[in-house]
Amino acid sequence: MTTPHRPLSAPFSFTRRRFLATGASLATTTLCAPYLRAASVGRGAVSGYPFTLGIASGDPAPDSVVLWTRLAPRPLEPGGGMPPEPVEVTWEIADDERMTRHVHGGTALADPEWAHAVHVEVGGLQPDRWYWYRFRVGGEASPVGRTRTLPAVGVMPERLRFAFASCQKYEIGYYTAYEHMARESLDLIVHLGDYIYEKGDGGKAVRPHGTPEIITLDDYRRRYAVYKTDPALQAAHAMAPWIVTWDDHELSNNYADLVPEHPERTTPEAFLRRRIAAYHAYYEHMPLRAAARPRGPALPLHRELAFGGLARFHVLDTRQYRSDQANGDGAKPVNDAVLDPSRTLLGRAQREWLFRGLADPSPAWNVMAQQIPVARIDVKPGPEMAVSMDKWSGYEAERRALLRHLRDARVRNPVVLTGDVHANWANELALDFEGSGERSVGVEFVGTSITSDGDGADRPANHDTLLAENPWVKFHNTQRGYVRCDVTPELWRTDYQVVPYVSRPGAPLTTRASFVVESGQPHLQPA
């Protein structure tokens with residue numbers, strides 16, 4: 001069993017503004033010193049099969065890729081059942097599935113300070129090539145995983161096939177969607193956040209994990225271990241490289257930078273410690289490069305990956321740098337707080353980085369892989385309006401700045417990939433959502449959850465109202481599943497892949513809707 005979590009401090013009077021100021025101050029003090037120690041080179045003994053959490057690869061480049069595993073013979077115990085010293089891990093990569101044509105290999109040190117996880121950045125690979133890899137410790141070998149490099153810069157590939165997913169609350173359902181995804185012929189998988197959830201089981205658990213809300217580093221490590229023992233998730237990780245970003249539940253629901261959802265229930269110091277623990281555990285369990293290794297409460301996650309000249313992925317972080325939600329969060333009317341240009345979702349540095357990248361005319365498609373809906377969704381029937389304060393619509397000045405940039409910089413074929421909301425949406429991104437008739441400047445595909453919110457529905461109760469209030473929405477559905485994309489220089493095709501239930505295993509997969517976007521025409525056409 002995991003170490004019991006530390007109870008939250010007693011409620012006290014503390015404004016959100018004061019919380020943010022105090023937390024920012026703490027970020028420069030000893031609480032936020034790098035969560036590191038110098039690893040002593042050694043070779044500890046491992047008792048039991050160490051690869052219970054599977055293997056993964058990620059962040060491919062034309063000449064390199066990250067290989068990941070974490071040694072945990074007893075994954076749900078503190079420390080994963082590993083000795084408290086570094087362990088040497090052997091890795092190898094080949095260009096055939098039987099691992100007979102060896103390409104590279106070496107050793108990596110699995111350090112207990114990082115939960116005995118290893119992140120091997122394999123260089124010297126050929127572009128646009130499939131490879132196979134595995135790890136060894138002592139006499140034990142991991143499963144064989146498949147990965148690939150990206151096409152070289154300047155080369156125009158004929159095709160890219162990938163899937164994206166998000167929101168995989170373990171206790172609420174089975175990962176049947178990942179079983180189907182693992183059978184697809186995909187070049188990449190993109191995960192848009194909520195890889196884990198931080199709360200306890202609650203009252204609707206289909207497969208309870210039996211632990212309360214997670215607070216400490218040991219808590220977060222155990223929760224990742226629970227999720228990563230799932231065989232369907234392991235199979236999806238092993239079939240192709242992943243590009244990952246987080247949302248809120250990897251730390252705590254609807255947090256904003258250093259502000260928790262309920263600041264009155266904790267202290268700035270306690271929340272900062274929790275953020276340090278959550279970011280540390282996230283890096284430990286994701287196939288990320290060393291450049292993303294956290295330093296205290298900071299983890300640099302926004303980055304670019306280019307699939308040759310066909311598609312450039314701008315991977316965003318809409319949690320770490322944002323201003324607190326306006327008007328106390330929730331669904332509210334657009335008012336002065338929402339329109340305040342000083343409030344930010346991306347932070348100044350990330351926004352400038354994104355705008356520079358989008359202005360580059362070289363990629364055929366500009367893909368923004370991010371967490372929360374960009375299209376404004378009015379959830380209130382009638383002439384009055386209510387929009388989510390947690391989404392881009394709650395940061396209206398920055399949302400409009402993004403859409404204006406797509407128009408003014410003549411960004412080539414912008415496509416937004418979104419998770420978070422446990423529903424499928426297909427949206428056109430008009431610069432003016434007030435109905436002036438200005439043409440769309442891009443498209444947005446919002447993917448449903450893998451499991452979160454349970455079985456879902458083909459047509460939720462408010463389906464017709466939502467489409468009537470938001471004419472730029474071309475499709476809405478709340479069944480579970482993932483989204484598959486097939487991209488060529490001339491055409492983007494998106495298929496919404498759904499399962500009818502997750503409350504029991506064995507659900508079939510169907511394609512619920514499909515849309516195409518022609519190059520140079522930022523509009524959704526039913527396929």
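Me: Before I count anything, what counts as a helix or a strand here?

Reply: Helices and strands are DSSP runs, with at least four residues for a helix and at least two for a strand. In this predicted model, that gives nine helices and 24 strands.

Me: And how do I judge the overall packing? What radius of gyration does the protein have?

Reply: Set it against the globule rule. A compact globule of 527 residues would come out near 24 Å, and the protein has 22 Å, which agrees. Buried residues make up 60% of the 527.

Me: Let's zoom in on a helix. Which residues of α7 are buried?

Reply: The general idea: an α-helix has 3.6 residues a turn, so residues three or four places apart point the same way. In α7 (residues 348-358), the buried ones are Gln350, Trp353, Leu354, Phe355, Gly357 and Leu358. Their cover includes β12, β13, β15 and α8.

Me: Where does a salt bridge link α7 to α8?

Reply: Look for a Lys or Arg side-chain nitrogen within 4 Å of a carboxyl oxygen of Asp or Glu. Glu398 and Arg351 meet at 2.3 Å, N to O. Glu398 sits in α8 and Arg351 in α7, so the pair ties together parts 47 residues apart in sequence. Glu398 is buried at 5% relative accessibility, while Arg351 is partly exposed at 22%.

Me: How many residues apart in sequence are the parts that Glu184 and Arg484 tie together?

Reply: That salt bridge has an N to O distance of 3.1 Å. Glu184 is in the loop between α2 and β10 and Arg484 is in β21, so the parts tied together are 300 residues apart. Both residues are buried, and they belong to a salt-bridge network that includes Arg159 and Asp486.

How values were computed
Residues are numbered from 1 along each chain as its sequence is written. This is a predicted model: local features need pLDDT of at least 70, side-chain atom pairs count only at pLDDT 80 or more; totals for chains, interfaces and linings use all residues. Side-chain values use heavy atoms; hydrogens and water are left out. The radius of gyration is taken over C-alpha atoms; the globule rule is 2.2 Å times the number of residues to the power 0.38. Buried means under 20% relative accessible area, exposed over 50%, partly exposed in between (1.4 Å probe, protein chains only). Contact means heavy atoms within 4.5 Å.
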